[in-house]
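Open the model in your viewer and keep the selection panel at hand. The stops below say what to select next and what is there.

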Amino acid sequence: MVKPVRRIVTGHDSEGRSVFLEDGPAPHPFSPSHSPNVGLTNLWLLDAIPASNREGEPDPTARPFRLEPPAAGNVVRIVEFPPDRERNYGNQAEVFSQYGAAQAHDKAARHPGFHKTHSVDYAVVIEGEIWALMDVGETLMKAGDVLIQRGTNHAWANRSDRMARVLFVLNGAAPA
């Protein structure tokens, strides 16, 4: 089950003053059917930058889950990674296809989760620890560590015995 993430959204009232529009659990957490102990919560999504801050627009996260951000925009997401030994890595090609990113999956890599997206990603570990894997090398990340992922082939491995939570900001980018 996905751990709820409190999402607070600001905006403006009819007099132009800043106000809190929402304060509660992010409304669209996602757990893939193949691995229900993986949690993905999109907190906000921009189709393009500069973004619109007009009132009355629909919640941008109320759409099917996609791995990659919009080409000219970004997505802010929290991912819950269960320990690898508890995770279902079966049929990853189908999983990436369901995420709208079949081309991203690297089925020949040394870890079943290897993939490469057209994005620049900021990954911030907020709970637990996770291994960042590259084609060559790997490094252990702990709470507070930040990785800048620049369109490289990569995977995430949770070799611990507890959940790891990582905040990602994925920004659309040209292919590397």
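Start with the open sheet in this predicted model. Select its 6 strands, which follow the order β3-β4-β5-β11-β6-β9 with antiparallel pairing. Which strands stand at the edges? They are β3 (29-30) and β9, and each has a single partner strand, so one side of each is left without a neighbour in the sheet.

Within the sheet, select β6 and β11. These two strands run antiparallel and are joined by 8 bridges. To find the register, pick Val120, whose bridge partner in β11 is Asn171.

**Edge strand and surface patch**

Move to β9, residues 146-150, and select Ile148, which is placed in this strand. Is Ile148 buried or partly exposed? Its relative accessibility is 47%, so Ile148 counts as partly exposed. Now add Tyr122 and Val146 to the selection: together with Ile148 they make a nonpolar surface patch of about 280 Å².

**The nonpolar core**

Next, go to the largest nonpolar core, which has 24 residues. Select Phe81, Ile130, Met141, Trp156, Val166 and Phe168, the members that touch the most other members. Colour by element to see where the core comes from: β4 (39-46), β5 (74-81), α1 (92-98), β6 (119-127), β7 (129-134) and β11 (164-172) each give two or more residues. Which element gives the most to this core? It is β11, with 4 residues. As a general point, nonpolar side chains in soluble globular proteins tend to be buried together.

Centre the view on Trp156 and show its contacts, leaving aside neighbours within four places in sequence. Among the contacts of Trp156 are the aromatic residues Phe81, Tyr89, Trp131 and Phe168. Ala123, Ile130, Ala132, Met141 and Leu147 are also in contact with Trp156, as are Asp84, His111 and His115.

**β7 and its partners**

Select β7 and then its two partners in turn. With β8, residues 138-142, β7 runs antiparallel, and 5 bridges join the two strands. The hairpin of β7 and β8 has 3 residues between the strands, and Gly137 in this hairpin takes a positive phi near 100 degrees. With β10, residues 154-157, β7 pairs in the antiparallel sense over 4 bridges.

Leu133 is a useful residue to label here. What stands opposite Leu133 in β8? It is Glu138. In β10, Ala155 stands opposite Leu133.

**A loop residue, Leu67**

Select Leu67, in the loop between β4 and β5. With 11% relative accessibility, Leu67 counts as buried. Draw a distance from Leu67 to Phe96: their C-alpha atoms are separated by 7.9 Å, and the two residues are 29 apart along the chain. Phe96 is also one of the residues in contact with Leu67, leaving aside neighbours within four places in sequence. The others are Arg77, Tyr99, Ala101, Ala104, His115, Thr117 and Leu170.

**Salt bridges**

The last stop is the charged pairs. How many salt bridges does the structure hold? There are 11.

Select Arg7 and Glu22, which form a salt bridge with the closest N and O atoms 2.6 Å apart. This pair links distant parts of the chain, with Glu22 in β2 (residues 18-25) and Arg7 in β1 (residues 6-12), 15 residues apart. Arg7 counts as buried, at 5% relative accessibility, whereas Glu22 counts as partly exposed, at 33%.

Add Asp59, which forms a salt bridge with Arg7 at 2.8 Å between the closest N and O atoms. Asp59 lies in the loop between β4 and β5 and Arg7 in β1, so the pair ties together parts that are 52 residues apart in sequence. Asp59 counts as partly exposed, at 21% relative accessibility.

Then select Asp47 and Arg63, a salt bridge in which the closest N and O atoms are 2.9 Å apart. Both residues are in the loop between β4 and β5, 16 residues apart. Asp47 is partly exposed, with a relative accessible area of 46%, and Arg63 counts as partly exposed at 37%.

To finish, show Arg7, Glu22 and Asp59 together: salt bridges that share partners join these residues into one network.

Conventions. Residues are numbered from 1 along each chain as its sequence is written. This is a predicted model: local features need pLDDT of at least 70, side-chain atom pairs count only at pLDDT 80 or more; totals for chains, interfaces and linings use all residues. Side-chain values use heavy atoms; hydrogens and water are left out. A nonpolar core is a set of buried Ala, Val, Leu, Ile, Met, Phe, Trp, Tyr and Cys residues joined through side-chain atoms within 4.5 Å. Buried means under 20% relative accessible area, exposed over 50%, partly exposed in between (1.4 Å probe, protein chains only). Contact means heavy atoms within 4.5 Å. Two strands pair if DSSP finds at least two bridges between them. Patches are made of residues with over 30% relative accessible area and no salt bridge: like charges are joined within 9 Å, nonpolar side chains (Val, Leu, Ile, Met, Phe, Trp, Tyr) within 5 Å. Accessible areas come from the Shrake-Rupley method with a 1.4 Å probe; for residues, only the protein chains shown count as cover. A salt bridge is a side-chain nitrogen of Lys or Arg within 4 Å of a carboxyl oxygen of Asp or Glu.
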